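Colleague: I'm new to this, so could you pick one part of this model and take me through it slowly?

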Amino acid sequence: MIRIARIALFAAAVMTPVAYAGVEVIGHMSPAEPVTDARISALPGAERAAWTAYLARSHALMAADKAALAAERQGLAEIPPAPPSGKSGGSGMPADRAAAFYATPEARRVADNIVSFQTPAGGWGKNVDRDGPVRVKGQHYVPIEHLPANARTGDDEAWSYVGTIDNNATTSELRFLARVQAIAPGGAGEGYRAAFLKGVRYLLDAQFPNGGWPQIYPLQGGYHDALTFNDDALSSVVTVLADVARRRDDYAFVPEALAAQAKAACNRAIALILRTQVIVDGKRTIWGQQHDALTLAPAGARNFEPAALSSDESADLLLLLMRQADPSPSVDAAVRDGIAWLEAHAVHGVAFEKGPDGRKLVDRPGAGPIWSRYYDIRTGKPIFGDRDRSIHTDVNELSVERRNGYSWYNAGPAKALAAYAKWTGRK
């Protein structure tokens, strides 16, 4: 588990205190560090060897992905435009329809799109319109919105989110393929099953030696290399792999050996979740939105996302832990203390509402509970980030663009508290 002594050292690296009193800016965040050979070289022997192999595999897979796209483009008179962007979370891939839907031409068209856009490494990009046409030779794997503005000409340097678990990417594709193949026996479903199994192997390859997952794989650098709880990324992967491991219903076709690997991956992930629960003053708290891949300390991401305790992501992790069959005493303790922390840090009597000058936190007697998205690790008080990397204690002092453009308060932990009441049999 991550203890406060370790956190204090990390916090000093990412937060520069403001020297004058009376100002609610308490510091500035620094971006998370990527996984590099230089950082790995400082690890102990066995750990260093595992990470060295992981990083080498990542580099090789990215090189192979880029080489495959470049080979497709050889001799093309014109590079096809990038695929259209879909909604966050992936559009056109419902996983909750009646079984008959997955035998329709509409569902097969989506499944064909999914298969065509699978990268050579086995993953998928995010926010792709799966209702669109299948990929054509030389077309990029991801929508143009994810490419740097100076690299949208189709060259092989334009590379971002090519294989990711962000915004439910890859996990959504896998679930849809599983549903379609289940009612496409024989040759009609072989292509879907092959793509599914390749995607599962991609997730297994992407798992860190310590049991976590990066946001993007092959590794892209920056905060994308961090162990990612954000937007339920890790829990979505574990949930899919748990279904794979059980080999029931839509997943009954999975080979036993691969199912065993999926189960082992899930077990490592649960152990990793327990290790990363932050301890402050000897007490378990909750988790960060993302943690450094190597040190496991909470880490920042985008300029307005500081290293902090994160309420919504932690609620999701607690729900995942409560779904474990025959939970160990360690899981019991992690859940109990995480729930207690969320209960103690709920905010009552206020609401974050839209007004004439943008969204603001206002007094609203009887409102709540709600939770701040971020809490300072050392004090347990709400904090907020702005585009200039400044860290604030008052959400109303953020720039209007950031106040309006981010979910600073949420009610997500309420579902974890309700599940806990049922989990423990309380009335």
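Modeller: Let's begin with a yardstick: the expected span of a helix is 1.5 Å times one less than its number of residues. Helices here are DSSP runs of H or I with at least four residues, strands are runs of E with at least two, and both are numbered from the N terminus. Keep in mind that this is a predicted model, where local features need pLDDT of at least 70 and side-chain atom pairs count only at pLDDT 80 or more, while totals for chains, interfaces and linings use all residues. Residues are numbered from 1 along each chain as its sequence is written, and side-chain values use heavy atoms, leaving out hydrogens and water.

Now find helix α9, residues 311-322. With twelve residues, α9 reaches 16 Å from its first C-alpha to its last, close to the expected 16 Å. Eleven of those twelve residues are buried (under 20% relative accessible area with a 1.4 Å probe, counting protein chains only), so α9 is largely enclosed by the rest of the structure. Among the buried ones are Ser311, Glu313, Asp316 and Met322, as well as Leu317, Leu318, Leu319, Leu320 and Leu321. For scale, 53% of the 427 residues of the protein chain count as buried.

Next, who touches the start of this helix? Arg373 does: Ser311 and Glu313 are on its contact list, where contact means heavy atoms within 4.5 Å. You'll find Arg373 in the loop between β10 (371-372) and β11 (374-375). Arg373 is buried too, with a relative accessible area of 11%. Leaving aside residues up to four places away in sequence, its other contacts include Asp231, Leu309, Ser310, Tyr406, Trp408 and Asn410.

Two of the touching residues also make polar contacts, meaning a pair of N or O atoms within 3.5 Å; within protein, one must be able to donate a hydrogen and the other to accept it, and residues adjacent in sequence count only if both atoms are side-chain atoms. The side chain of Arg373 reaches the side chain of Asn230 at 3.3 Å, and a second polar contact, of 3.1 Å, joins it to the side chain of Gln289.

Zoom out and you'll see the setting: the protein chain has twelve helices and 14 strands. Of its contacts between residues at least 6 apart in sequence, 68% join residues at least 24 apart. Arg373 touching Ser311 is a handy example of two residues meeting from separate stretches of the chain.

Terms used:
Buried means under 20% relative accessible area, exposed over 50%, partly exposed in between (1.4 Å probe, protein chains only).
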